[in-house]
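Q: Please take a close look at a single part of this model and follow its contacts outward. Keep the sentences short and give the cut-offs.

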Amino acid sequence: MVSAKSRDYSISSNYRRVASSIAILVVLLTVCVTWNSCIILSRPDYRLVTPKSFFEATLAEDSNSVESHEGGHVIKLVHDEVSEAEVEAEEAASTEVTELVPSQTESSESSDSQTASSESSDDSDWDLYDGQWYYDSVGPLYTNNTCPILSQNQNCQGNGRPDKEYENWRWKPSHCELPRFNATKFLELMSGKTITFVGDSVARNQMESLLCILWQVEVPENHGSRLMQRWIFKSKSVTILRFWSAWLVHHTTEPFSYVPDGITKIHLDVPDETFMQLAPKSDVVIFSNGHWFPKRSVYLLNNEIVGTQLWTPPPENDQPMKITTTEAFELSTETSLTALATHSNYTGLTIVTSYSPDHYENGAWNTGGSCTGKDSPLMPGQVVEHEYTNIMHDKQTTGFYRAVKNRTNKSKLKLMDITEAFKYRHDGHPGPYRNLDPNKITKRSPKGHPPPQDCLHWCMPGPVDTWNEFMLELIRREFEGNQNSAF
Ligand SMILES: *[C@@H]1O[C@H](CO)[C@@H](O)[C@H](O)[C@H]1NC(C)=O
Ligand SMILES: *[C@@H]1O[C@H](CO)[C@@H](O)[C@H](O)[C@H]1NC(C)=O
Ligand SMILES: *[C@@H]1O[C@H](CO)[C@@H](O)[C@H](O)[C@H]1NC(C)=O
Ligand SMILES: *[C@@H]1O[C@H](CO)[C@@H](O)[C@H](O)[C@H]1NC(C)=O
Ligand SMILES: CC(=O)N[C@H]1CO[C@H](CO)[C@@H](O)[C@@H]1O
């Protein structure tokens, strides 16, 4: 069986050589045949490494519906996602990178995406993300002992990580200052307002970092439910919400056409109804996702199957697919952001955290990739570019700027472009220190195999706290209308 991905690859390869002689084409076709055979041979391997049982177990309980109360309205939330515990279980498996690197053509097509711009995406923000990391002995804004709610998976110190220096690096933009997070200032700026985090476990990582920082000045009240976290800071009536939406668009596991029950069908042109009920009532919405696109799924546009990921249609339905995994990320970004930017009642500030880079070295999460032993940031010039990360970033940026162009209401859209800066922070992940298990393996085996590890999420305290410093700066610039960093 030939995957959609390999077809795309060979078609675009042909295109680039269309001007060449027929002789070369013949050679090329031979290469394509060989290439496809390679894909056929390697395909069973993908399947072995797919967290299949996880999907089958969790998607089965997809249809739970729960009522939730928000601002006096009764909102029906469809619990079409997994519970927190199951999400946790899935975390280490959240990137399947090696088999996903798309063709060169795809990356060059989108390379001009950042030239698009618009008034609602403030160009003066770019200077925040151009800069470098420096060591600051003042240390982090909280510790694992002063933040009672941080997920154990990201409690690196609590899980026995021996080094601590990674907590002390701060970001210095080249042309301005990024102030240390001032929790009092944040609560003042957000007085009476709601900030909502939407996305996958990386969004949760950022939200927990924010809670930990704010916890140092005020302990919030917990009004959360199983479906949605909700914390209220009474002193200034600030509400922080988070809910799960890994693709940001509508998805279901019900049978569709020739795709059976249990396979996730992702409607790339329909925004996620859950966040469309809640997000427009927010003053600030933070999006962060991208890491679930490598999971097994089928992409739909206008109710038509346009792509598949880690799933092969039956032979009689096998057809060339139009949409690759990274293009699906672009479309879902455009769809979800456009839905907010054209919603008649939404006037908030939407901040899109750009794709968070992972650091599995010499392999992927499931093929011996490792970030064990990284205890300081990479120095300028040391970053090894990761094609998949760059393409995901390009696609997301393209989708973002399309939504900016589509905007009709008074809302604001900002790209919080952390990807480049965070390529340097291979030291900021839990690595093998991702749980309390006293018997966990933290060293390489005698044969050199690294232990299982998380090189995707970020330790707390740790580099992810910087995202909230960027976020506060964007909120301050927006709500104070002042470009100078004068805290
Ligand atoms: C915090 O980390 C220290 C090690 O630096 C550890 O001894 C302590 O138990 C941790 N506390 C919690 C609550 O995880
Ligand atoms: C933090 O913000 C508050 C309120 O705006 C201000 O009074 C205080 O001086 C700030 N603290 C620092 C360290 O800048
Ligand atoms: C955004 O605008 C473009 C160009 O007008 C349009 O083709 C596209 O469908 C719009 N996107 C959405 C999600 O509505
Ligand atoms: C906007 O708000 C009005 C008044 O509350 C409501 O009737 C309308 O349905 C809202 N529009 C959308 C698209 O939610
Ligand atoms: C406040 C504002 O400008 N609202 C506009 C948002 O966009 C819709 C169309 O999608 C307009 O009808 C609203 O007037």
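A: The text below follows helix H9, first to its partner helix, then to ligands and sheets.

The model is predicted, so local features need pLDDT of at least 70 and side-chain atom pairs count only at pLDDT 80 or more, while totals for chains, interfaces and linings use all residues. Residues are numbered from 1 along each chain as its sequence is written, and chains are lettered from A and ligands numbered from 1 in the order in which they are written.

Start with the helix pair. H9 covers residues 325-341 and H10 covers residues 387-406. Helices here are DSSP runs of H or I with at least four residues, strands are runs of E with at least two, and both are numbered from the N terminus. The two axes come within 8 Å and cross at roughly 25°. Axes are lines fitted to C-alpha atoms, for helices over the stretch in contact, and angles run from 0 to 180 degrees between N-to-C directions. H9 and H10 are therefore roughly parallel to each other (angles under 35 degrees count as such). The crossing is right-handed, a term used if the near helix is turned clockwise from the far one by less than a right angle.

Now the contact itself. Residues are in contact if their C-beta atoms, placed from the backbone, lie within 7 Å. On the H9 side, the residues include Phe-329, Glu-330, Leu-337 and Thr-338. They belong to a set that meets H10 residues, among them Ile-391, Lys-395, Phe-400 and Arg-402. The residues of this contact divide into eight nonpolar, seven polar and five charged. Ala, Val, Leu, Ile, Met, Phe, Trp, Tyr, Cys and Pro count as nonpolar, Asp, Glu, Lys and Arg as charged, and the others, Gly among them, as polar.

Both helices also reach a ligand. Glu-334, Thr-335, Thr-338, Arg-402, Lys-405 and Asn-406 surround ligand 3; a residue counts as near if its C-beta atom, placed from the backbone, lies within 6 Å. H9 and H10 each supply at least two residues of this shell. The shell holds no nonpolar residues, three polar and three charged.

Next, the sheets. An open sheet of four strands runs S9-S10-S12-S13, with mixed pairing. Two strands pair if DSSP finds at least two bridges between them. S9 (249-252) and S13 (304-309) are the edge strands, each with a single partner, so one side of each is left without a neighbour in the sheet. Neighbouring strands are turned by 30° against each other on average, direction ignored. H9 packs on this sheet, touching S9, S10, S12 (297-301) and S13. The direction of H9 makes about 45° with that of S10.

Within this sheet, S9 and S10 (residues 264-271) run antiparallel, joined by three bridges. Thr-252 faces Lys-265, and His-251 faces Ile-266. S10 and S12 run parallel, with four bridges. There, Ile-266 has Tyr-299 as its bridge partner.

A further open sheet has seven strands in the order S6-S7-S8-S5-S11-S14-S15, again with mixed pairing. S6 (221-222) and S15 (412-416) stand at its edges, each with a single partner strand, so one side of each lacks a neighbour in the sheet. H9 packs here too, touching S11 (284-288), S14 (349-353) and S15. The direction of H9 makes about 165° with that of S14.

Definitions and conventions
Parallel < 35°, antiparallel > 145°, perpendicular 65-115°, else oblique. Contact = placed C-beta atoms within 7 Å.
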